[in-house]
Every structure is written in C-alpha cells, then in structure tokens.
Amino acid sequence: MPETYLTKSEARRFMLLKQGLSGEYRFIGKSGVLDFIRQAGCIQFDPIDVCGKNAELVLQSRVKGFTKDMLYELLYNDRKLLDYFDKNLSIIPVENWKYYEREREAHRNWERSHEEIKMVHDKILAAIAEKGPLCSADLDLSQKVDWYWSRTKLSRAALEHMYFSGELAIHHKNGTMKYYDFIENCVPADILAEPEPYPSDFEHRKWRVLKRIGSLGLLWNRASDAWLGISGLKSKERDDIFAALLSEGEILPIRVEDINHPLYCLAEDTGLLEKAKETPTQKRCEFIAPLDNMLWDRKLIQALFDFEYKWEIYTPQAERKYGYYVLPILYDERFVGRIEMVYDKKNKELQVSNIWYEPDVKPTKALKNKIDAALKRFARFHRGR
C-alpha cells in the first residue's frame with residue numbers, strides 16, 4: 001500500500017482534527033461526550049482532583065458546553081457509559097462490554113487473596129440483594145488482606161474482585177466512594193447476552209490495536225504506553241497485527257517529514273487527511289489533561305510537536321522541573337507552554353499558580369488574551385455552567 005506523505009504541520013493538524021482539538025468544535029453537549037468516547041474507545045480515569053479529574057479534563061477541552069454532570073449522568077443515570085478497564089482504569093461505551101470477557105475470566109480464575117474473597121462472596125451478594133448498592137464501608141469485613149497496591153480491607157478487595165470479574169458494576173459514586181450493584185442492574189440484558197466477538201487472542205488484540213490507533217489518530221508500531229492494558233501483546237505479535245491491518249485495508253501508512261518511523265491512521269480517516277492540508281480558520285486554546293488520549297505516547301508527541309511532557313505527580317518535589325499537577329497549553333497547532341492551577345471548591349475559585357511558556361514562545365498580548373479566555377471557560381466548567 002503506498003504511503004501518504006505529510007509535513008509535520010499537516011500531521012499535527014490531522015491529529016488535532018481527529019481529537020476534536022482544532023477549528024470549530026465537533027463535539028457539543030452531552031451527545032458530544034458520548035460521540036467522543038465512542039470514537040476514542042475509552043478515556044482514562046484517574047481519581048486525583050486538583051483542577052478536575054483526568055476524564056473531565058479530557059472532555060472539557062473537546063466538548064463545547066461540557067459540564068461534569070453530563071459525564072455523571074451518562075455513567076450512572078443513562079447507563080450509556082461504564083467504568084471498566086481498557087487503557088488502565090477507563091470509561092468505556094457500555095456497548096463495548098462484550099470485548100472484555102477475557103479480562104473478566106482472568107479475574108474469576110485468579111486474584112490476590114482469592115481464598116479469603118471466596119469465603120465472603122455469597123455474604124456480599126446477599127447483602128446487596130437485601131439492601132441495594134453498597135460501598136466497602138457498608139460491609140463489616142475489616143480484616144486486612146493483600147491487594148494490588150497495598151494491603152486493604154477484605155470488603156474493598158472482595159467488592160473490587162467481583163467488579164473486575166463482571167458480577168458487579170459501579171452503580172454510582174459519592175465523591176471517591178464507589179457503590180456496587182449487580183451487573184444486570186447497570187448494563188442492559190441484551191448487551192450482557194452478547195458473545196465475545198473474537199474467539200482467538202490474535203483477533204482480539206488486533207481489535208484493541210486498531211482502537212488505540214483510532215484513539216490517538218496517528219500511532220507508530222513501536223513500544224509505547226499507548227499499548228498499556230492490552231495484556232499479552234508482544235512486539236512480534238504487534239508486528240503481525242500491523243501487517244494484518246495493512247493487508248485488510250483497515251489502516252494507512254503515513255510518512256511524516258523528519259520522523260524516521262512510519263505512522264499509521266485509520267483508513268476511514270482519509271477525509272481528515274485531506275482536511276489537514278487546509279489551515280483552520282479558528283485558532284483554539286485548550287488545557288490538555290495529563291493522561292489525555294493524545295498524550296498516551298509522549299515520545300510521539302515530542303517527535304510531532306517538539307514538546308516534551310512529563311506528568312510530575314509521582315516525581316519527588318525537589319526533583320520536579322515544573323509542578324505537581326501541570327497541564328499542557330495547546331494553542332492553534334502547537335503546545336506553547338504549561339499551566340499549574342488549583343480549583344478551590346469551597347470558595348468556587350480557580351487559582352493559577354504558574355504558567356511556563358516554551359523557550360521559543362513569546363507571550364504576546366494576543367496569546368495572553370487567548371489563555372485568559374480559556375481560563376474563563378475553564379472556571380465555568382468547574383462551576384457547572
């Protein structure tokens with residue numbers, strides 16, 4: 001298949017168009033939230049809330065008029081979205097439930113403290129049947145057991161195991177506290193009845209790789225954090241998957257100036273490739289989430305955008321170059337800097353701690369005005385209007 005050649009500028013525009021981060025807003029309101037997550041396959045969830053949780057930050061940069069209530073309603077009222085694992089802990093379209101049966105089966109067969117969990121399994125089911133959705137604090141199971149990150153209460157381990165294995169779902173959240181209910185009360189019966197679409201591991205991983213390419217817009221066949229969560233994906237099989245996707249016409253090879261490795265996009269995005277050769281009429285300024293889909297391969301971002309980004313939340317304070325929770329600032333088709341801000345929920349006030357511009361960026365009055373306008377939108381997103 002012949003390769004398409006793009007300049008760096010065109011490649012950036014293509015990726016930003018695909019992400020809904022360039023030109024006019026493509027994703028609008030509550031339906032736009034659902035449209036974007038269906039396009040992306042998943043958005044990564046992280047509970048840390050300094051100036052918004054990661055999933056909320058991903059959506060506020062793309063969805064015109066986005067409010068936090070929209071995401072909550074789609075998850076826990078409308079049941080169009082679901083908390084589950086994809087790129088680590090994620091939010092997925094509920095109709096994609098069938099694709100993760102392998103993960104659920106693996107959890108059914110093994111878990112840390114499996115025997116202890118089995119002993120209280122039926123007790124928890126009976127409690128939910130009697131009382132409805134429960135959180136770990138509602139169960140009198142305070143014994144400490146080994147769990148993934150550290151020792152924890154048996155109640156939490158057991159509920160999470162039953163959630164991982166597909167017996168329970170997150171019914172709703174109160175702050176960071178998760179309330180669990182039977183999966184059939186949270187996912188429509190017709191979706192639960194759908195069989196696993198891909199009987200072979202290869203076909204399953206091929207679907208996952210295709211979704212990740214579409215989630216970023218452009219991706220290369222290299223070791224990458226973009227593949228996190230696809231269990232068992234080795235470099236040889238990844239090579240075979242890319243070869244198969246090319247031969248089936250599912251992806252297109254892209255050559256970008258000054259980048260030695262070929263990139264790939266979905267074949268269905270050929271229209272966006274043409275549009276990327278045009279200059280957008282509207283210049284956007286957006287604050288990008290630390291675990292944003294577009295940033296899943298930071299080496300690729302450095303190669304395409306000449307921007308090096310590290311999320312320093314786990315870096316010791318003395319070793320940080322910037323700050324604890326810093327968001328890249330996107331303006332037009334480049335990253336012009338990064339911003340550190342905190343939302344004071346008590347006083348309903350957005351506090352900007354620092355802005356760092358890239359060395360070659362001159363903070364002109366026009367740029368500062370765009371950032372100020374973006375900050376006003378960001379504050380409104382936090383206030384829910």
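This passage describes the pockets and the cavity of a predicted model. Local features require pLDDT of at least 70 and side-chain atom pairs pLDDT 80 or more, whereas totals for chains, interfaces and linings use all residues. Residues are numbered from 1 along each chain as its sequence is written, and side-chain values use heavy atoms, without hydrogens and water.

The largest pocket (an open set of points on a 1 Å grid over the protein atoms alone, with protein on both sides within 12 Å along at least five of seven lines) has a volume of about 1,200 Å³; a volume is the space filled by probe spheres set on the points, which are joined across faces, edges and corners. Its lining (residues with an atom within 4 Å of a point) comprises 39 residues, with Phe 85, Leu 89, Trp 149, Glu 160 and Phe 164 nearest the centre. Elements giving two or more residues to this lining include strands E5 (81-86) and E6 (88-93) and helices H7 (154-164) and H9 (201-216); helices (H or I, at least four residues) and strands (E, at least two) are DSSP runs numbered from the N terminus.

The second largest pocket holds about 450 Å³ and is lined by 22 residues, of which Lys 53, Glu 56, Lys 68, Tyr 72 and Gly 175 lie nearest its centre. Helix H4 supplies the largest share of this lining, six residues.

One cavity (a set of points where a 1.4 Å probe fits but cannot get out) of 30 Å³ or more was found in the whole structure. The largest cavity has a volume of about 50 Å³, and H9 contributes most to its lining, with four residues. Among the lining residues are Asp 86, Trp 207 and Arg 208.
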